Amino acid sequence: MARITAGIATSHVPAIGAAIDLGKTQDEYWKPIFDGYEFVKEWIKSNTPDVVILVYNDHASALMLDIVPTFAIGFADEFLPADEGWGRRPVPTVHNHSDLAAHVAEQLVIDEFDITIINEMDVDHGCTVPLSLVFGQPEEWPCKVIPLAVNVTQFPTPSGERCWKLGEAIRNAVKTFPEDLNVQIWGTGGMSHQLQGTRAGLINAEFDNRFLDLLAHEPEELTPMTRIEYLREAGTEGIELIMWLIMRAALGYGVEELHRFYRVPASNTAVGHVVYEARS
Ligand code: DHB
Ligand code: FE
């Protein structure tokens, strides 16, 4: 049977991708940030999954504002890195595990998540930056990746409660896939940041650290938090954190926090990153 063995969450700041692509990771500004990812880069070598379900958000790169699905799953065989205005990132193409994606989609619909199916899509920094942070700069990504996109860009975004339930449904779906697969679930985005308006540059380290404390061991404290609270406490783009809840719920109740990293700033955001191993 397939099983979800571990979860990773990380910010997906596009400038981090540019720093990697342009060879700037050891520059004074960037080094302390990349040092926070040394653990996962080493850990993943002996914990490479067969498949990553990568919960992220598109930033109007592929899912333009003409169609905005709340939850969507990639069905295409492969996903190219999107051109976000500076050409495609020089990173490998993402290859799907289409059978698992189809199984998860079917189980989600049975579980009353009417998820959108994406048969063609490029993946933007929300997906590719986390892959670079964890896997570095390989010729090919070392595992299959199922992109699962969440709307956090246009109101109405899903609630934290709904995201939690989606994570639980993903967990149940993976468990019933007959092939013996080691699956990881990743959540990307966050932490606190606001890119626009009079509060642009907002960072709330107290909120972020409390979120990290609760996410590991008392996640039920986080699920009732409303979208307005996310916006108020973490900024308009800080609502990306709801994708971390999906990751966390998919792991089941017990996790071991293997690694935690937090730093301000990276571009306009607080960077956060955790690695959890499933225990239950
Ligand atoms: C930045 C952060 C993001 O999460 C994003 O999607 C775009 C930009 C930033 O801090 O620059
Ligand atoms: Fe983002």
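A disulfide is a pair of cysteine sulfur atoms within 2.5 Å. Such a link is a covalent bond between the sulfur atoms of two cysteines. A search of this whole structure finds 0 of them.

This is a predicted model, in which local features need pLDDT of at least 70 and side-chain atom pairs count only at pLDDT 80 or more, while totals for chains, interfaces and linings use all residues. Residues are numbered from 1 along each chain as its sequence is written, chains are lettered from A and ligands numbered from 1 in the order in which they are written, and side-chain values use heavy atoms, with hydrogens and water left out.

**Cysteines**

Two cysteines show why no bond forms at their sulfurs. "Buried" here means under 20% relative accessible area, "exposed" over 50%, and "partly exposed" in between, with a 1.4 Å probe and protein chains only.

| Cysteine | Closest cysteine sulfur | Distance | Relative accessibility |
|---|---|---|---|
| C143 | C127 | 10 Å | 8% |
| C163 | C127 | 17 Å | 0% |

Both distances are too far for a bond. C143 counts as buried, and C163 does too.

**Helix α6**

Helices (H or I, at least four residues) and strands (E, at least two) are DSSP runs, numbered from the N terminus. C163 is one of the buried residues of α6. Others include W164, L166, I170, R171 and V174. The helix covers residues 160-175, 16 residues in all. From first C-alpha to last, α6 reaches 23 Å, close to the 22 Å expected at 1.5 Å a residue. That expected span is 1.5 Å times one less than the number of residues.

**Strand β7**

Strand β7 spans residues 144-150. Of its 7 residues, 6 are buried, so the strand is largely enclosed by the rest of the structure. Two strands pair if DSSP finds at least two bridges between them. Strand β2 (residues 51-56) runs parallel to β7, joined by 6 bridges. Strand β3 (residues 71-74) pairs with β7 in the antiparallel sense, over 3 bridges. L148 of β7 is the bridge partner of V55. L148 is also the bridge partner of I73.

**Iron site**

Donors are N, O and S atoms within 2.8 Å of the metal (3.2 Å for Na, K and Ca); water is not among the atoms, so sites may look incomplete. The iron ion (ligand 2) has protein donors H12 (NE2), H59 (NE2) and E240 (OE). They lie 2.0 to 2.2 Å from the ion. H12 and E240 link distant parts of the chain, 228 residues apart. H12 sits in the loop between β1 (3-10) and α1 (14-21). E240 sits in the loop between α8 (227-234) and α9 (242-250). Both H12 and E240 are buried.
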